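Hi,

Here is the model I promised to pass on. Have a look at it, and my notes follow underneath.

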Amino acid sequence: MTRIVDPTDERTPLRRALAVRPDRIGGAVALLDIAKPRGDVFLDRVEQRLAQRLPGVTLKRYRKPTFAKPAPEDLLRSIAADNGFVIEALAD
Amino acid sequence: MTDSLPGFSLADQHRRTHAFPAGRSALLVFVKEDCPTCNLTMPLIEAAWRAFGAAIDVVAIGQDATGNAALVERHGLTVPMLDDSALKVSYAHDVEIVPTIVLTEASGAPSTRFAGFDKSDWQKLFADLARIAGADEPRIEWSAYPASRPGCGSKSVEPGVAERLAAEASDSRLRARQIELGDREDPFEFMFERGLTDGLPVIPPTPERVARMLAGTRRDAQEVIATVPPNMAPLTIEKVAANSVMAGCKPEYLPVVIAVLEAVCTQEFNIHGVMATTGGATPIIVVNGPIRHRLGMNMKIGVLGSGNRANATIGRAVKLVLRNVGGARPGEIERTALGGPGKYTACYPEWEERSPWEPLHVERGFSREDNVVTVFGLEPGPRLIVDQISRTAHALAGSLGMALEACWHPKLHGYGEVLLVISPEHADTIARDGWTKAQLRNRIQEASARPIRELLRDANAGEGMTLAQFGLTNPSAEQFDQRIPKFRKPENINIIVAGGEAGKFSSVFGGWFSGPMGSMSVSRKIEEVP
């Protein structure tokens, strides 16, 4: 019989439930640009269309300093605190 | 010799259990059947048992079940022959030679210990036993015994066995979860099925092999050396050792693997980005210092290719840790669109002795005698640069500059770090003109410089730069003609010398996003040297 030492981190990934889907869109919507080329072009258009369709909603623009690294904690916290929704432009 | 010896409980040839210590003096004799010196000793053990057994626990401790039975039969033994075929008691009592003879006090603390056969030791032992037991010494035909005989190796120190016993001992350095495979399960297939390999077979990290790998470092196996993105998992030395076994490393490579992982898991290096990018990047490792020779690394013919164990397995171990502990698996968090062969392994020593310049680690502030790893987040494969014609440093560096301009895209300038590997023949051509590395870098910058007008995005080649990147809105003709070198700064061109002595070629590992917004190269001294 062979035994092996587990070479992994031995952790089970957390399963998180999806957030409950709201009936209506209200409050603020974050538009997050990860700083990839042309991500801003995509979000400009999204912002324009959403402003037409959802006049009561506040649209807020955010941008990661670099797409090559995870978003800074402060940025994530401020997006979560001030918005009910996020649209992220991954660009790739 | 005052501490009590490890306790045990073993069965004899009549399946009676003997515990140690049992509240009175004991004589423990470790033996194995195929050892002539043990056979020479057996009648003395039997005699001691018959003479002193009423007052002292006299036992033989045999190292394999079949052999124990043979000894009992051959010598007509009545002394308890305890079965230590699992060798755990032999291991716990540090028995390296059989026979090993240990006399203990009632507490279990040893008072006498010797190994092999020495007539005077035995004669003194019988006198001690008689005194302790308050009994007469038995009549022994001492003249029939030689003055001395060397013992034999204990089964507990045989190759492979010692590591197993170390792994199983209660003070083992191993704490990771262990997975038991079914009897009919092929361990190599198991490693594939569980997604633990890079696509090539790995050596199953059995506790014995991991224990043997851990002999390569004096550091605590449970020391957490880094937190590995993207899973942000704590990385212990034990996990590094398990993955190093899988990669095929020797124990003496372990300190190098550890140093690389410490360098890779820094904010500066940004391994999360390097592994997660849809572009192609991987840690490219350069090794400097005397350790290159000690590990038998290849820095000559085919240095960037296959064929050398240390080169191949050190880089592979690093990648397996990033995969298995960090969770950077292709298709999951590792998102490279294409990848490259360097995603398996990429670890190269510099041929410092063949270089006309200071080696990489000395340029970075270390001393020549330091052993240093430097990691770069670069493209996972080298690109060959051919120039068999240039005979001057100026001309050859011009060729290198033109070739380097093609990295990423010829129109993308203001580029970051690359690793240029210059072969000995190319190094000789440059050195003949007495050029320094700084001169070489400046010439590459000069030869790769292009006017802004040629770098802009256009219908001919969509990729390129924008006027905004140069701080321009409405440029003059003069501004359009401003020449921009390929690299943000000359130091971004990292240079090492390595490779075969025949062949006018160099190679470059193209860059990724380098600098504080991407990945910065990191050097780290290897603290432990085998």
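I'll begin with a helix pair: α9(B) passes α12(B) in a right-handed crossing (clockwise turn of the near helix from the far one by less than a right angle; anticlockwise would be left-handed). Helices here are DSSP runs of H or I with at least four residues, strands are runs of E with at least two, and both are numbered from the N terminus.

Before going on, note that this is a predicted model, where local features need pLDDT of at least 70, side-chain atom pairs count only at pLDDT 80 or more, and totals for chains, interfaces and linings use all residues. Residues are numbered from 1 along each chain as its sequence is written, with chains lettered from A and ligands numbered from 1 in the order in which they are written.

Back to the helices: which residues of α9(B) meet α12(B)? They are Val256(B), Val257(B), Val260(B), Leu261(B) and Val264(B), facing Ile314(B), Ala317(B), Val318(B) and Val321(B) (contact: C-beta atoms, placed from the backbone, within 7 Å). By class, that contact has nine nonpolar, no polar and no charged residues (nonpolar: Ala, Val, Leu, Ile, Met, Phe, Trp, Tyr, Cys, Pro; charged: Asp, Glu, Lys, Arg; polar: the others, Gly among them).

Between the chains, 17 residues from chain A touch 31 residues from chain B. The chain A side has seven nonpolar, three polar and seven charged residues. Strand β1 (residues 3-5) of chain A runs antiparallel to β12 (residues 178-180) of chain B, joined by three bridges (pairing takes at least two DSSP bridges). One partnership there is Arg3(A) with Glu180(B).

Chain A itself has two helices and four strands, in the order β-β-α-β-α-β from the N terminus.

Cheers

Technical notes. Two residues are in contact if their C-beta atoms, placed from the backbone, lie within 7 Å.
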